[in-house]
Structures are given as structure tokens and as C-alpha cells.
Amino acid sequence: TDRNRIQQTEDTPWVDDARYSVGILWVPNSRASLSLSAGERVYGETYGFDFAYRFRNSTVNLNYSEDLGKTSLVDLVYGGEDEFTPLAGFLFRVYNDIYIQRRWGLNVIIVGRRNNLTLMLVQDERTYQLTPISETEYTLSFKWALELSRLSKITLTTNNKRLGEEFSDPI
């Protein structure tokens, strides 16, 4: 069990997020594992799983999780005239918003004698509680490492993130 207290804004009360979950881990052999979990949070039921399989020179991992997050948002509001303020009459208001995040992830790691390759694809869906916004974020990561000698290594990494319905949506 776990308990978090999150204050959304000055005008709203604290969100008391008591988290209860139960899970099982099944390891049928030295190459495979499966983890399942279910629980309850302030926003309702939550589920998660993690499946991993190890081949001779590679590992594949597929997972899903649901979690609660917090972000800070800034509004620029008009507050009256003030000759000493650089933005006369404008005020910045900062408030917190909580969101529910559902994450799918796929990781593939291929290991060679002197190099390795890691590919990761993640889809995050966030539903905010105070503002009527839902967003989907896609992440595609690629990492290749080559060992030239015991003292030197070359690593190439790229990480691409997109908001939208699909990874190919224009920005």
C-alpha cells in the first residue's frame, strides 16, 4: 500500500490518494517472466503487467502501467494597473493539475560481442483532472554502442517524442 496527498490548487482540497495493489510474479523458466498487478487509487481501478523474454543474444520486454502524476501550469491574468510592474497589470498564476497516465512500452535489446542495440517504443496517454485535456505522447528511442577497446566506446543515441494521435502526425 502507498498513500500520497496532492493539493491541486488553492481553491480545491487535498486529493488523498490511497493506493492499494496486489500482484503476482510468474517465472516459468530462466528466460521468461510475467508480472500482473491490480489495485485501486483515488481515480478508480488500476492495472499493470510486465512480460520479458530473453533470447540468446536479445531481450524483449512489453509492459503496461497506470499511474497518477502532477504538473504545474502557468496562467497570465490581468490584475489591474501597476506602474512598477514590467508587465503592468498582468500577473502570473501557478496552479497544479493532476493527471492519470496510462503507459504502454516495448523494449528490445540486442547484444553482440562488441556492440549492443536498444530500441524503445512508448505510448503515454494522459487525462488531466482540472483542465479538460487528454493527450497522447509517443516516444521512440534508439541507442547503439560499439566498444572499440577496453578504454574507448562510441555511443549513438536518439530520442524522438511526439504529441498527437499517431507518431506520424505533423507538429
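Which residue forms a salt bridge with Lys 161? Glu 137 does, and the closest N and O atoms of that pair are 3.9 Å apart. Keep that in mind for the close-ups below, which all come from a predicted model.

**View 1. Glu 137 and Lys 161 bring strands β8 and β9 into one picture.**
Glu 137 sits in strand β8, while Lys 161 belongs to strand β9 (residues 152–163). The two residues are 24 apart in sequence, so this pair links distant parts of the chain. Their surroundings are not alike: Glu 137 is buried at 13% relative accessible area, whereas Lys 161 comes out as exposed at 51%.

**View 2. Glu 137 also has a salt bridge with Arg 126.**
Here the closest N and O atoms are 3.3 Å apart. Arg 126 is in strand β7 and Glu 137 in strand β8, with their positions 11 residues apart in sequence. Arg 126 is buried, with 12% relative accessible area.

**View 3. Asp 124 and Arg 103 meet in a salt bridge.**
Look for the 2.6 Å distance, N to O, between these two side chains. Asp 124 lies in strand β7 and Arg 103 in strand β6 (residues 90–111), so the pair ties together parts that are 21 residues apart in sequence. Asp 124 is buried, with just 1% relative accessible area. Arg 103, on the other hand, is partly exposed at 33%.

**View 4. Zoom out a bit and the charged residues turn out to be linked in a network of salt bridges.**
Its members are Arg 103, Asp 124, Arg 126, Glu 135, Glu 137 and Lys 161. For the model, the salt bridge count comes to five.

**View 5. Strands β7 and β8 pair up as a hairpin.**
Strand β7 (residues 115–128) runs antiparallel to β8, and 13 bridges join the two. Five residues sit between the strands in this hairpin. For a handy landmark, find Leu 121, which stands opposite Leu 140 in β8.

**View 6. Ser 141 makes a side-chain contact with Asn 159.**
Ser 141 is part of strand β8 (residues 134–149). Is this serine buried or exposed? Ser 141 counts as buried, at 13% relative accessibility. Its side chain makes a polar contact with the side chain of Asn 159, at 2.9 Å. Leaving out residues up to four places away in sequence, Ser 141 touches Thr 118, Leu 119, Met 120, Thr 158 and Asn 159.

**View 7. A nonpolar patch shows up on the surface.**
Six side chains to pick out here are Phe 51, Leu 62, Trp 104, Leu 106, Leu 121 and Leu 140. Together they have about 490 Å² of accessible area. The patch includes Leu 121 and Leu 140, the two leucines that stand opposite each other across β7 and β8. Another member, Leu 62, lies in strand β5 (residues 58–78). Leu 62 is partly exposed, with a relative accessible area of 34%.

**View 8. Strands β3 and β4 form another hairpin.**
How many residues join β3 to β4 in this hairpin? The connection runs through two residues. Strand β3 (residues 32–41) and strand β4 (residues 44–54) are antiparallel, with 10 bridges joining them. At the turn, look for Arg 41, which stands opposite Gly 44 in β4.

Notes
Residues numbered from 1 in each chain as written. Predicted model: local features only at pLDDT ≥ 70, side-chain atom pairs only at ≥ 80, totals over all residues. Heavy atoms only, no water. Patch = residues over 30% accessible without salt bridge, like charges linked within 9 Å, V, L, I, M, F, W, Y side chains within 5 Å. Areas by Shrake-Rupley, 256 points an atom, 1.4 Å probe, with all protein chains shown as cover. Salt bridge = Lys/Arg side-chain N within 4 Å of Asp/Glu carboxyl O. Helix = DSSP H or I, 4+ residues; strand = E, 2+ residues; numbered from the N terminus. Buried < 20%, exposed > 50% of the residue type's maximum accessible area, 1.4 Å probe, protein only. Pairing = 2+ DSSP bridges. Polar contact = N/O pair within 3.5 Å; in protein donor to acceptor, adjacent residues only side chain to side chain. Contact = heavy atoms within 4.5 Å.
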